[in-house]
Amino acid sequence: MTAEENNMKTIKVMTVFGTRPEAIKMAPLIHELERTEGVQSIVCVTAQHRQMLDQVMDIFHLKADYDLDIMQPRQTLATITTKSLTGLDEVLEQAEPDIVLVHGDTSTTFAGALAAFYHKIPVGHVEAGLRTFDKYSPFPEEMNRKLTGQIAALHFAPTERNRKNLAAEGITDGVIVCGNTVVDAIHSTVNPDFRFRDETLAQLDYDGRRVILVTAHRRENYGAPMEHIMRALRRLADDYDDIDIVYPVHLSPYVRETAAKYLSGHPRIHLIEPLSVDEMHNLMGRSYLVMTDSGGLQEEAPSLGKPVLVLRRETERPEAIEAGTVRLAGVEEEDIYSMARTLLDDPDAYQTMAHAVNPYGDGQTSRRIVQMIRYYFRQADTMPDSFCP
């Protein structure tokens, strides 16, 4: 095939994802693929998280070409991985994509990369190179990322630090620093005129009171760490009359039971159902402070000028700590309580974090990824520019 003929060939790009956070971050990329001439976008979902995934699909107007629908009650990491791998084996036989894109660090991510490898199909890893260097924290995400990195042909690293992490593992080919697609996504969802569908959110006084958004659900925080987090939140609500703590509680039975045990019944703590992505982003935009053990919120909140306290012992996103948008609060009650008090009591400390530069993106990540794919398949003559905050 000549170079000219290859340039005319349509590139079949399959995106594979299964959770709500993956869908949020893949949505702007899928839209960019759909509007790019010479590219055919194919969407495959495992539905590792069924309900929460469907909400994001609806909000971003995404349609799955293939839906494995693997979710089951009390599913384990093994069942998620094996059902995804088996289902994807058949999908790849039918669709015959030229490249498979996976995102981040879930069991779907690893299974998608492994299935593509078995079919000798190149893999593009979106949000590559994040590391804590502790294979059991976050679990199983750290190893999912590393294993996917060994398989991938293209590595879309959000930051320069992520690129260096890959280089330290001997991964240098096919790597580009492109920012994070979550910044692309959040630019399309936050609206000052947004009206909340959730009754609790619709009734909050965002101008007269300080709203603290909380998420806590990670497996490594189960047990004593989760209890420490809950006790710290309760103390804050007791000690500050002008705050409202809003906690969209994860569907995990353990998380729900623990949250109810420590936080229910308090007039200034609102335990609500998980939110759709547009409500979550707009709540974040109107909050005073974010406290979370989530990875995605560490990237999203700085885009909106919101300080973040990370309820974990370590983070695979140290760039935000260095930039000053995030502080690592850990999982000890007194540490969490003390750091939150500083941001509630010290206006200078708060403003320093709120006005720090977001190290994660400029809203052009999806464009860079698509151009890199086109360059890889010789549809484009040049590589995209690198993201530099």
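Which residues line the second largest pocket? Before we visit that pocket, a word on the model itself. It is a predicted one, in which local features need pLDDT of at least 70 and side-chain atom pairs count only at pLDDT 80 or more, while totals for chains, interfaces and linings use all residues. Residues are numbered from 1 along each chain as its sequence is written, and side-chain values use heavy atoms, with hydrogens and water left out.

Now to the lining: P28, H31, E32, R35, F60, D184, A185, S188, G363, Q364, S366 and R367. A pocket here is an open set of points on a 1 Å grid over the protein atoms alone, with protein on both sides within 12 Å along at least five of seven lines, and a lining residue has an atom within 4 Å of a point. The volume of this pocket is about 200 Å³, counted as the space filled by probe spheres set on the points, which are joined across faces, edges and corners. Helices α2 (20–34), α8 (181–186) and α17 (365–376) each give at least two lining residues, and α2 provides the largest share, with 3.

Next, look for enclosed space. There are 2 cavities of 30 Å³ or more, a cavity being a set of grid points where a 1.4 Å probe fits but cannot get out. The second largest holds about 30 Å³, and its lining includes V126, F156, C178 and I369.

Stepping back, you will find 17 helices and 13 strands in the protein; these are DSSP runs numbered from the N terminus, with helices (H or I) of at least four residues and strands (E) of at least two. Six of the strands deserve a closer look: 6 strands make an open, parallel sheet in the order β10-β9-β8-β11-β12-β13, where two strands pair if DSSP finds at least two bridges between them. β10 (269–272) and β13 (326–328) stand at the edges with a single partner strand each, so one side of each has no neighbour in the sheet. From one strand to the next, the twist averages 20 degrees. Axes are lines fitted to C-alpha atoms, for helices over the stretch in contact, and angles run from 0 to 180 degrees between N-to-C directions.

Within this sheet, 4 bridges join β8 (residues 210–215) to the parallel β9 (residues 243–248), and V211 has D244 in β9 as its bridge partner. Helix α13 (residues 296–303) packs on the sheet and touches β8, β11 (289–292), β12 (308–310) and β13, its direction making about 165 degrees with that of β12; contact means heavy atoms within 4.5 Å.
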